[in-house]
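User: I would like to learn how to read a few features of a structure. Please take them one at a time.

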Amino acid sequence: MSTLAIDKAGPTRKVKLRSMSRDRTWALRWSYFFLVLFAIFFLIPPIYMLITSLKSSAEISAATNPWWVFHPTLSNYVELLTSNQFLRFFWNSSMISIVVVIVTMLISIPAAFALARMKFWGSATLATGVFLTYLIPDSLLFIPLFKMLAVVQDITGITLLNRWYVLVFIYPTLTVPFCTWIMIGYFASIPKELDEAALIDGASWLQTLTRIFIPVALPGLIAATIFAFTVSWAQFLYPLVFTTSIDQLVLPVGITTTLIKGDVFNWGQIMTGALLGAAPPLVIYAFLMDYYIAGLTAGATKG
Amino acid sequence: MAEVALRKVIKRYDDVEAVRGIDLDISDHEFIVLVGPSGCGKSTTLRMIAGLEDITDGDIMIGGDVVNDVPPKDRDIAMVFQNYALYPHMTVAENMSFGLRLKHYPKAEIKARVTEAARLLDITDLIDRKPKQLSGGQRQRVAMGRAIVRNPKVFLFDEPLSNLDAKLRVQMRIEIKKVHQKVRTTTVYVTHDQVEAMTLADRVVVMNKGRIEQIGTPNELYHKPATRFVAGFIGSPAMNFIPCRLEDVGGKLNVRLTDRISFPLPPARAARYGALPRTENLLLGIRPEHLTESHAHLEPGVETFDTVLDVTEPMGMETLVYFGLEGTPICGRVDPNAGAKDGAPMRLAMDLNNMHLLNETTGAVL
């Protein structure tokens, strides 16, 4: 009786296994097909930028194959990297992004901790409210913001418009809500018993935050940092509106305003500038991704 | 070390009363286990002692001082959680010393205490590992070590063994008992497992629906339960409850179970229950071990009856037999060699010297 059952079960199981692996193979093939497709789609623009950046203006406008460099030159790079103007844009962008990341973290981390853990009246509504503010597009906000800054400038006499540092106050309106939202999620995923254990061990709320929550939620913190940096670095509308003098411009605005003169596009330098501008976020991603280890909380509680 | 006292402690969440006026005195060095089904308020009670939950009304005292408004860190307690709650980014040693480091203890003393606790718990080799490199049992030891190094007045355990597999649970249960014998710290231990409660506790507190049903030593609870809830909760398999009535038959007090079955009560029991009204609906409480196979020589007070078994469960050292008495499912424990078989008739003996009589409506043991 039992032998019969085994004989019956044997082949059925094999067939099932085979069909499973066949499904898997096809799923993998389709995944690779689409991955390659998307990789090509997203890599063509930067490759085209790289090719163009290595060409002289004459070669760019010549009617040759645009996908090949016949006379490679680094002149675009040399010109940009020795131009005080370009270095100034780079400096402004770096300063703003770094300060914005710091400001964002200083606000977002305690805010997220309070909203995720210190249950107070209306904390849940407030948490949703924080996220909702992120949904308001910056193209709607810049006019009232401009007006506000103008009024403050008139009243206090402190120059705010056309100064790069004013962006340090404005960018967090974009970064803080989203970073807080990310951090709330990460903090909420930390088991409640962990802060209770810390509380019993004698930690204050601040010590619980700095010595338990921040180290445990490091992947979330890094994700938020990357987000804040990328948003500040790539922001175009606000700096375009709030800064006008050449020495106050940031990289994205600087490249488009100085390298496009009327209807003359200095394509070689525009592409070079864009490539160089894309480098810092890439470096930051590469550097921080090493620390972006998922599953850091493994072992805190029952695994 | 200290005694703990709860005076009319109430915990209310909005309109739900989770703990309904608890009075409890725990003496120094005592190992108290709070046991009950989920939602009975045992964990809430523990968390109120820890200071993790505010109390709605009443007083909690640790070492004679009212601690109602004292934050957890100043209550000098240590807690072991069900899911261990180890700090994942710290090593075992760092986990254990975290509390001491926060209080700025000298480094030498911290090291000495951690080493001593690690030795006590047999985790000296694991001291530099991170929690994720440890097994469940090892993590639980580290969690206990974290409590021990603090040398607190009271240990609080919140279902510490529930996440472990059955074998490890038995092992860790013995470990916990050993540790308590060595450090002698007053301990409050919460569990839903009555076996854990019976094996660990000096005294067991049985809770149900936010109230204390009974406080007593494991043996008291087992042999002299105060209510139907305690009688049914303590002991595995659970006590049988058979609807019955008292009746006088030829000058003797009998307990009638069914139309066919009516047993004379042993003299001691008859004297105890003699004054009860004969019409009242009662329950006969009898533990499975007092329902055994019939012998040739039966003690006085042991009565026999015939039944047909529904199911038998051979456990090795005994066989559990299940049958019905007018629709009431009953469990008995017989010798494995008594010949109990599924669906077979069997003569069983009921030891009425160990019976309980309960009021069916109030659930009180009479």
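User: How many helices and strands does chain B have?

Analyst: This is a predicted model. In chain B there are 9 helices and 21 strands. The C-alpha atoms of chain B fit a box of roughly 80 × 45 × 35 Å along the principal axes.

User: What share of the residues in chain B is buried?

Analyst: Of the 366 residues in chain B, 40% are buried. Sequence separation adds to that picture: take the contacts in chain B between residues at least 6 apart in sequence, and 66% of them join residues at least 24 apart.

User: How should I read a sheet, and which strands form the open sheet of 3 strands in chain B?

Analyst: In general, strands of a sheet pair through backbone hydrogen bonds, in a parallel or an antiparallel way. Here the order is β15-β20-β16 in chain B, with antiparallel pairing. β15 (291–293) and β16 (302–308) of chain B are the edge strands, each paired on one side only. From one strand to the next, the twist averages 40 degrees.

User: How many bridges join β16(B) to β20(B)?

Analyst: There are 7 bridges between β16(B) and β20 (residues 345–351) of chain B, and these two strands run antiparallel. For one pair to look up, B:Thr304 has B:Ala349 in β20(B) as its bridge partner.

User: Now helix packing. At what angle do the axes of α13 and α14 of chain A cross?

Analyst: The axes of α13 (residues 251–259) and α14 (residues 267–289) of chain A cross at roughly 175 degrees and come within 10 Å. α13(A) is therefore roughly antiparallel to α14(A), as angles over 145 degrees count as roughly antiparallel.

User: Which residues meet in that contact of α13(A) with α14(A)?

Analyst: From α13(A) come A:Leu251, A:Pro252, A:Ile255 and A:Leu259; from α14(A) come A:Gln269, A:Ile270, A:Gly273, A:Ala274 and A:Gly277. By class, the contact has 6 nonpolar and 3 polar residues, and no charged ones.

User: Last, the interface. How many residues do chain B and chain A give to the contact?

Analyst: Interface size is often quoted as the accessible area lost when the parts come together. A residue count is what we have here: 24 residues from chain B and 22 residues from chain A. On the side of chain B that touches chain A, the elements giving two or more residues are β6 (77–80) and α2 (92–102) of chain B. The residues of that side divide into 15 nonpolar, 5 polar and 4 charged.

Methods: Residues numbered from 1 in each chain as written. Chains lettered and ligands numbered in written order. Predicted model: local features only at pLDDT ≥ 70, side-chain atom pairs only at ≥ 80, totals over all residues. Helix = DSSP H or I, 4+ residues; strand = E, 2+ residues; numbered from the N terminus. Buried ≥ 20, exposed ≤ 12 C-beta atoms within 10 Å, placed from the backbone. Contact = placed C-beta atoms within 7 Å. Nonpolar A, V, L, I, M, F, W, Y, C, P; charged D, E, K, R; others polar. Axes fitted to C-alpha atoms, helices over the stretch in contact; angles between N-to-C directions. Parallel < 35°, antiparallel > 145°, perpendicular 65-115°, else oblique. Pairing = 2+ DSSP bridges.
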